[in-house]
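Please look over the sequence and the coordinates shown here before reading on. The paragraphs that follow are meant to be read with the structure in view.

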Amino acid sequence: MNINLIYASLTGNTEALSELIVEKFKEEKDIDVNMHFIEDMEDFSILEESDAFIIATYTYGEGDLPEEMEEIFEAIPDMDLSGKIYGVIGTGDTVYDEYCVCVDQFDEQIKKTGATNPTSNLKIEIEADSDEDFENIDKFIEDFSSAL
Ligand SMILES: Cc1cc2nc3c(=O)[nH]c(=O)nc-3n(C[C@H](O)[C@H](O)[C@H](O)COP(=O)(O)O)c2cc1C
């Protein structure tokens, strides 16, 4: 099964969350997830080649998409991703009014393609450090892998 995680990260928080998720899929479910840094991607055909995928994003400005995520965000509605499983995760900071809104924006955008999200959008404040964070991460992994 071809499962890919595409992430953006400026200061490392979303990268650390992505690494944690990949590690837990392997340890808890023996599922391999391939990580791709958005800035290293030449095109986004990997989404169409995936059986399942995860988008990981931070939120910038005043609820703005990271600049490096704009191209894939715009490209997604034109892709046929029907029958694929996806999830969206991200980090943000509750000092901002628009907390982690880019996670929800990606979810809405991917929904248009006919792909199925069996998870609740996973939002982590800066880094996973509370019981609630780890419960939400485990639930994300459980819901995602049960749908594969
Ligand atoms: C200029 C600036 C604007 C930000 N705006 C938001 C925001 O609107 N909503 C939010 O939830 N977090 C916001 N953040 C917080 C980042 O999303 C958060 O620090 C995130 O973990 C960064 O991810 P990264 O370390 O992967 O780059 C902002 C941070 C900066 C520096």
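What follows goes from the whole chain to its sheet, then to the ligand shell and to two loop residues.

The coordinates come from a predicted model, and the protein chain in it has five helices and five strands. Read from the N terminus on, these elements run β-α-β-α-β-α-β-α-β-α. The radius of gyration of the protein chain is 14 Å, close to the 15 Å that the globule rule gives for 148 residues, and the chain is therefore as compact as a globular protein of that length. Taken along the principal axes, the box that the C-alpha atoms fill is roughly 35 × 35 × 25 Å, and buried residues account for 33% of the 148 residues. The UniProt record, an unreviewed entry, places the feature "domain: Flavodoxin-like" at residues 3-145; in the model, the C-alpha atoms at the two ends of that span lie 11 Å apart, and the span is 38% helix and 20% strand.

The strands can be taken together, as members of one sheet. It is an open sheet of five strands, with the order β2-β1-β3-β4-β5 and with parallel pairing. Its edge strands are β2 (34-37) and β5 (122-125), each of which pairs on one side only, and the twist from one strand to the next averages 20°. On one side of β1, four bridges join this strand to β2, the two running parallel, and within β2 the bridge partner of asparagine 4 is asparagine 34. Strand β1 (residues 3-7) is also joined to strand β3 (residues 52-58), here by five bridges and again in parallel, with tyrosine 7 standing opposite alanine 56 in β3. At the other edge, four bridges join β4 to β5, and these strands run parallel as well; glycine 90 stands opposite lysine 123 in β5. As a general point for inspecting these pairings, the side chains in a regular strand alternate between the two faces of the sheet.

The next topic is the ligand. Which residues lie closest to it, among the 21 that surround it? They are Leu10, Asn13, Thr14, Tyr58 and Gly92. Two elements, α1 (13-29) and β4 (85-92), each supply at least two residues of the shell around the ligand, and α1 gives the most, with three residues. Sorted by class, the shell has seven nonpolar, 10 polar and four charged residues.

Two loop residues deserve a separate look for their backbone angles. Most residues other than glycine have a negative phi. Aspartate 30, however, has a phi near 55°, a positive value in a residue other than glycine, and its place is in the loop between α1 and β2. Is aspartate 30 buried or exposed? With 8 other C-beta atoms within 10 Å, aspartate 30 is exposed, since a residue with 12 or fewer such neighbours is counted that way. Isoleucine 126 likewise has a positive phi, of about 60°, although it is not a glycine, and is placed in the loop between β5 and α5 (131-146). Because isoleucine 126 has 15 C-beta neighbours inside 10 Å, it counts as partly exposed.

Note on methods: Residues are numbered from 1 along each chain as its sequence is written. This is a predicted model: local features need pLDDT of at least 70, side-chain atom pairs count only at pLDDT 80 or more; totals for chains, interfaces and linings use all residues. A residue is near a molecule or strand if its C-beta atom, placed from the backbone, lies within 6 Å of it. Ala, Val, Leu, Ile, Met, Phe, Trp, Tyr, Cys and Pro count as nonpolar, Asp, Glu, Lys and Arg as charged, and the others, Gly among them, as polar. Two strands pair if DSSP finds at least two bridges between them. Axes are lines fitted to C-alpha atoms, for helices over the stretch in contact, and angles run from 0 to 180 degrees between N-to-C directions. UniProt positions are given in the numbering used here, feature names are shortened, and annotations may be inferred rather than shown by experiment. The radius of gyration is taken over C-alpha atoms; the globule rule is 2.2 Å times the number of residues to the power 0.38. A residue is buried if 20 or more other C-beta atoms lie within 10 Å of its own, exposed if 12 or fewer, and partly exposed in between; C-beta atoms are placed from the backbone.
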